[in-house]
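User: I would like to go through this model with you and ask, for each label, what it rests on.

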There are 2 protein chains.
Amino acid sequence: MPGAVSLLAWGRLIDAGARARHKARAGLKAAGLPPPEWYDILQLLGRHGAQRPRDIQHKLGIEQYTLSRLLARMDQAGLVAMQPCTVDRRGQITALTAQGEACRAAMWPTYAAAIRSAIEARLDPDERVQLAVMLEKIA
Amino acid sequence: MPGAVSLLAWGRLIDAGARARHKARAGLKAAGLPPPEWYDILQLLGRHGAQRPRDIQHKLGIEQYTLSRLLARMDQAGLVAMQPCTVDRRGQITALTAQGEACRAAMWPTYAAAIRSAIEARLDPDERVQLAVMLEKIA
DNA sequence: GATTGATCGATGCACCTGCATGCAAAACCC
DNA sequence: GGGTTTTGCATGCAGGTGCATCGATCAATC
């Protein structure tokens, strides 16, 4: 049976995580922008170059079917482009389009605001470090 | 623009929260048990007695429409009973049934295991306190 | 180089959630 | 009291998620 402190930490972890995600999503939606997952993908493709769904899936920890449909929507929206993969004909190369990069850039201010209001507005610098350290052990 | 530590903390918060929730849900489902939200409601009704949806909603921070359907399913499953509210005929009193209490008890070991593996297996006691404190400031 | 098994990605289905709205009862206000 | 606003809960609809499974391709073993 978990101790009281563990229960407290658990409850707050679940709650804080849900709230944070929800707020970020709401802020983006209010600005007419896509959800946070899109940002993560756009960012990954921008930083690390075009890659296969499988790799994105592992790096971001998204379920296979979720990512598949996510990419389909983003492709539909013109933010990424799917190209046939020459070395493995099952796969596809998912590349960031110019429009995709523009979208990522457009999302950043709003996304960043959510992060600031969740983390920086409530924790001073050394508390942020503490939180990051504790959370690393959990994830 | 958020600092690097804030970004790190944010990412881990989102990730750890999602992972924790997902693991708890998966564990319960694997044991043929209802999802974690059900536990929270059953627990609340057990501890604090029968009450109206509105109160549950505020205490647990659930969206109104989510709770409405959640309670409908739990009622359907016989875990709670909806009784007309005498003091406000719009409302209903949601009460825990014996079957509901049994379900809550049956869920606890599995739920507790998820909490232990997420918190207690990875943090020693004073780290748990630190985490709880940091998360309180965020939530 | 053929068979067998594993991996990649898509998708049908059922369920769940978010949003907007509806209806009914209460609270407010003149 | 009569009309307006607010509150409590339910729900139709659109969209997202999880699960299982599929077709296609690759890899491994013989």
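**The second largest pocket**

Analyst: The second largest pocket holds about 210 Å³ of space, a volume being the space filled by probe spheres set on grid points that are joined across faces, edges and corners. The model is predicted, so that local features need pLDDT of at least 70 and side-chain atom pairs count only at pLDDT 80 or more, whereas totals for chains, interfaces and linings use all residues. Residues are numbered from 1 along each chain as its sequence is written, chains are lettered from A and ligands numbered from 1 in the order in which they are written, and side-chain values use heavy atoms, with hydrogens and water left out.

User: What makes a residue part of the lining of the second largest pocket?

Analyst: On a 1 Å grid over the protein atoms alone, a pocket is an open set of points with protein on both sides within 12 Å along at least five of seven lines, whereas a cavity is a set where a 1.4 Å probe fits but cannot get out; lining residues have an atom within 4 Å of a point. Among the residues that line the second largest pocket are Arg54(A), Gln64(A), Ser68(A), Leu71(A), Met82(A) and Arg90(A).

User: Which element gives the most to that lining?

Analyst: That is α4(A), with 4 residues, and both α3 and α4 of chain A supply at least two residues each. Helices (H or I, at least four residues) and strands (E, at least two) are DSSP runs, numbered from the N terminus.

User: What classes of residue make up the lining?

Analyst: There are 4 nonpolar, 5 polar and 3 charged residues in the lining of the second largest pocket, where Ala, Val, Leu, Ile, Met, Phe, Trp, Tyr, Cys and Pro count as nonpolar, Asp, Glu, Lys and Arg as charged, and the others, Gly among them, as polar.

User: How do you know which residues surround DNA strand C?

Analyst: A residue is near a strand if one of its heavy atoms lies within 4 Å of it, and 18 residues surround DNA strand C, the closest being Arg54(A), Gln64(A), Ser68(A), Arg90(A) and Tyr65(B). By class, this surface has 3 nonpolar, 5 polar and 10 charged residues. Of the atoms of DNA strand C within 4 Å of the protein, 61% belong to sugar or phosphate and the rest to bases.

User: Why is the approach of Arg54(A) to DNA strand C called a polar contact?

Analyst: A polar contact is a pair of N or O atoms within 3.5 Å; within protein, one must be able to donate a hydrogen and the other to accept it, and residues adjacent in sequence count only if both atoms are side-chain atoms. A polar side-chain atom of Arg54(A) lies 2.4 Å from a phosphate oxygen of DNA strand C, so the pair meets the cut-off. A polar side-chain atom of Gln64(A) lies 2.9 Å from a base nitrogen of that strand, while Thr66(B) places one 3.2 Å from a phosphate oxygen.

User: What contacts does DNA strand D have with Arg89(A) and Gln64(B)?

Analyst: A polar backbone atom of Arg89(A) is 2.8 Å from a phosphate oxygen of DNA strand D, and a base nitrogen of this strand is 2.9 Å from an N or O atom in the side chain of Gln64(B).

User: How do you know how chains A and B are related?

Analyst: Superposed by least squares on the C-alpha atoms of residues with pLDDT of at least 70 in both, chain A falls on chain B after a rotation of 180° with 0.0 Å of shift along its axis (RMSD 0.1 Å). The two copies are therefore related as by a two-fold rotation axis. In chain A, Gly17(A) has the C-alpha nearest the axis, 2.3 Å from it.
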